[in-house]
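Please walk me through this model in a viewer, one selection at a time. For each stop, say what to select and what is found there.

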Amino acid sequence: MIWNKEMECLEAQEKKQLQSDRLVKLVRYIYDNVELYRKRMDEAGVSPEDIKSIDDIVKLPYTTKDDLRDTYPFGLFAAPHSDIVRIHASSGTTGKATVVGYTQNDIDVWSECVARCMTMAGVTKDDIVQVAYGYGLFTGGLGAHYGAEKLGAMVVPMSTGNSKKLTTMMVDFGATAIACTPSYLLHLSEVLRDEGLLDKIKLKSAICGAEPWTEKMHHEIESRLGVSAHDIYGLSEIMGPGVACDCKYHTGLHFCDDHFYPEIIDPKTLTPVADGEVGELVITTLTKEGIPLIRYRTKDLTSITHQRCECGRTSARISRFKGRSDDMLIIRGVNVFPSQVEAALINVEEVTPHYMMIVDRVGNLDTLEIQVEVDAKYYSDEIRGIEKLTKKISGVIQSALGISAKIKLMGPNTLKRSEGKAVHVIDNRKLY
Ligand code: DLL
């Protein structure tokens with residue numbers, strides 16, 4: 001039984017004691033091992049001795065994605081390289097990825113948290129779990145894989161792509177659970193329908209996350225596939241999938257708050273907001289060794305409740321996400337910042353810095369068009385020239401973002417200039 005009742009059903013006082021003990025230990029460890037935190041705490045006049053309980057967390061400085069970027073690649077690692085057994089990475093705000101490292105203990109905690117989440121989704125050791133998140137530097141594939149294995153389930157490591165093979169194997173192997181992004185699962189449901197396989201599947205659970213999805217998509221997945229669909233949340237900076245997930249009551253995502261301490265703040269004033277109010281989720285990793293983070297600003301907007309759930313778990317619960325406080329987009333499961341496009345286009349001398357990203361969803365798959373203004377010096381309507389430049393920009397964008405985009409060249413001065421803050425994105429998907 002992986003559902004660790006002891007940890008997930010602790011009464012408030014016991015939970016607070018555990019979180020306090022862990023925070024005190026974490027702060028000492030981080031102060032001794034990470035230069036940036038030592039400097040920040042010294043500047044703020046806070047010493048490890050000032051942190052005596054979880055309530056003192058408010059004395060500690062925030063951490064942002066920029067801190068990871070500025071210390072690229074390993075500057076925030078607290079454990080020696082010889083203790084790091086794995087690296088993952090995700091998109092940074094400009095050219096550089098944010099890199100995270102795990103000790104063996106971190107991998108064990110991660111697997112335990114994902115196993116808890118899968119248990120919330122009704123998965124047991126008797127299940128056959130198809131993992132269709134991407135494997136590699138992205139945390140989705142390996143994170144879900146290790147969690148399902150920890151549970152003792154039979155894991156089918158499909159990764160993404162090749163939907164026909166995936167659906168055929170789903171039927172042949174009798175997969176009972178699937179872990180993938182919600183938009184990809186909707187796409188798979190259409191492939192199953194088109195192949196005449198819908199009534200041959202044995203799926204009962206879906207563990208979906210890595211991107212925002214609506215209540216409507218949730219119902220659509222459940223009714224098309226006859227599954228119980230669960231919302232799993234996580235981010236690579238903190239660990240990967242498994243930070244939180246919803247149980248069968250679907251009344252918010254249970255936070256693994258014995259390992260990850262959640263706070264909700266007003267992103268403008270940086271002060272805490274009350275339970276039930278929407279704000280930015282901030283997470284402190286209470287037990288991580290490789291790259292522990294204090295008060296990491298996720299930029300994800302949600303609200304929190306500390307009331308016990310009907311399922312018996314006492315963990316804090318967060319609501320389905322309401323958006324982000326920055327401009328990060330998630331397109332086909334990949335995190336994309338407009339600043340990455342900007343940084344990539346700077347290296348293309350034929351274009352101006354004016355561009356517009358148009359994101360849409362056709363069927364269940366995201367599309368991205370980038371309109372780029374060509375410099376007057378290079379502008380011509382000669383077809384071969386246009387084709388050549390379009391191809392060149394496509395290549396630059398593909399390697400900067402890790403996803404393909406349709407490039408549309410625009411004549412000089414055709415993209416609308418904004419008077420205030422430049423608008424670079426039109427997102428027609430309505431995901432929140
Ligand atoms: O997306 C980790 C993950 C993999 C989570 C598989 C769930 C399943 P990153 O690539 O670092 O990590 O992206 C993290 O994705 O800050 C959110 O904005 C968004 N996100 C993740 N899960 C959800 C969710 C993985 N359930 C960023 N709902 C986060 C809404 C989500 N947004």
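Two strands count as paired if DSSP finds at least two bridges between them. The model on screen is predicted.

**Stop 1: the four-stranded sheet**

Select strands β18 to β21 in an open sheet of four strands, whose order is β20-β19-β18-β21 and whose pairing is mixed. The edges are taken by β20 (residues 406–410) and β21 (residues 425–427); each has a single partner strand, so one side of each has no neighbour in the sheet. On average, neighbouring strands here are turned by 15° against each other, direction ignored.

Next, keep β20 and add β19, residues 365–374: the two pair in the parallel sense over five bridges. To see one of the pairs, show Glu373 and its bridge partner in β20, Met410.

**Stop 2: β7, β8 and β9**

Move to β8, residues 240–246. How many of its residues are buried? Seven of seven are, and the strand is mostly covered.

Add β7 (residues 228–235), which runs antiparallel to β8 and is joined to β8 by four bridges. β7 and β8 make a hairpin with four residues between them. Within this pairing, Ile232 stands opposite Cys245 of β8.

Then add β9, residues 253–255, which is antiparallel to β8 and joined to β8 by three bridges. Here Asp246 has Leu253 of β9 as its bridge partner. β8 and β9 also form a hairpin, with six residues between the strands, and His250 in this hairpin takes a positive phi near 50°.

**Stop 3: the cysteines**

Select the cysteine sulfurs. How many disulfides does the structure hold? It holds zero. A disulfide is counted when two cysteine sulfur atoms lie within 2.5 Å. For Cys180, the closest cysteine sulfur is that of Cys208, 5.1 Å away, which is too far for a bond. Cys245, seen above opposite Ile232, is in no disulfide either, and the nearest cysteine sulfur, in Cys117, is 4.5 Å away. Is Cys180 buried or exposed? Cys180 counts as buried because its relative accessibility is 0%. Cys245 also has 0% relative accessibility and therefore counts as buried.

**Stop 4: the second largest pocket**

Go to the second largest pocket, which holds about 490 Å³ of space. It is lined by 26 residues, and those closest to its centre are Gln19, Asp257, Tyr261, His306 and Ala316. Colour α2 (residues 12–33) and β10 (residues 260–265), each of which supplies at least two lining residues. Which element gives the most to this lining? It is β10, with five residues. Coloured by class, the lining shows 13 nonpolar, five polar and eight charged residues.

**Stop 5: the cavity**

Finish inside the protein. The structure holds one cavity of 30 Å³ or more, and the largest cavity has about 50 Å³ of space. To display its lining, select Tyr102, Asp106, Val109, Trp110, Met239, Phe260, Thr287 and Lys288. Helix α5, residues 104–120, provides the largest share of this lining, with three residues. By class, the residues around the cavity are five nonpolar, one polar and two charged.

Key. Residues are numbered from 1 along each chain as its sequence is written. This is a predicted model: local features need pLDDT of at least 70, side-chain atom pairs count only at pLDDT 80 or more; totals for chains, interfaces and linings use all residues. Side-chain values use heavy atoms; hydrogens and water are left out. Buried means under 20% relative accessible area, exposed over 50%, partly exposed in between (1.4 Å probe, protein chains only). Axes are lines fitted to C-alpha atoms, for helices over the stretch in contact, and angles run from 0 to 180 degrees between N-to-C directions. On a 1 Å grid over the protein atoms alone, a cavity is a set of points where a 1.4 Å probe fits but cannot get out, and a pocket is an open set with protein on both sides within 12 Å along at least five of seven lines; lining residues have an atom within 4 Å of a point. Grid points are joined across faces, edges and corners, and a volume is the space filled by probe spheres set on the points. Ala, Val, Leu, Ile, Met, Phe, Trp, Tyr, Cys and Pro count as nonpolar, Asp, Glu, Lys and Arg as charged, and the others, Gly among them, as polar.
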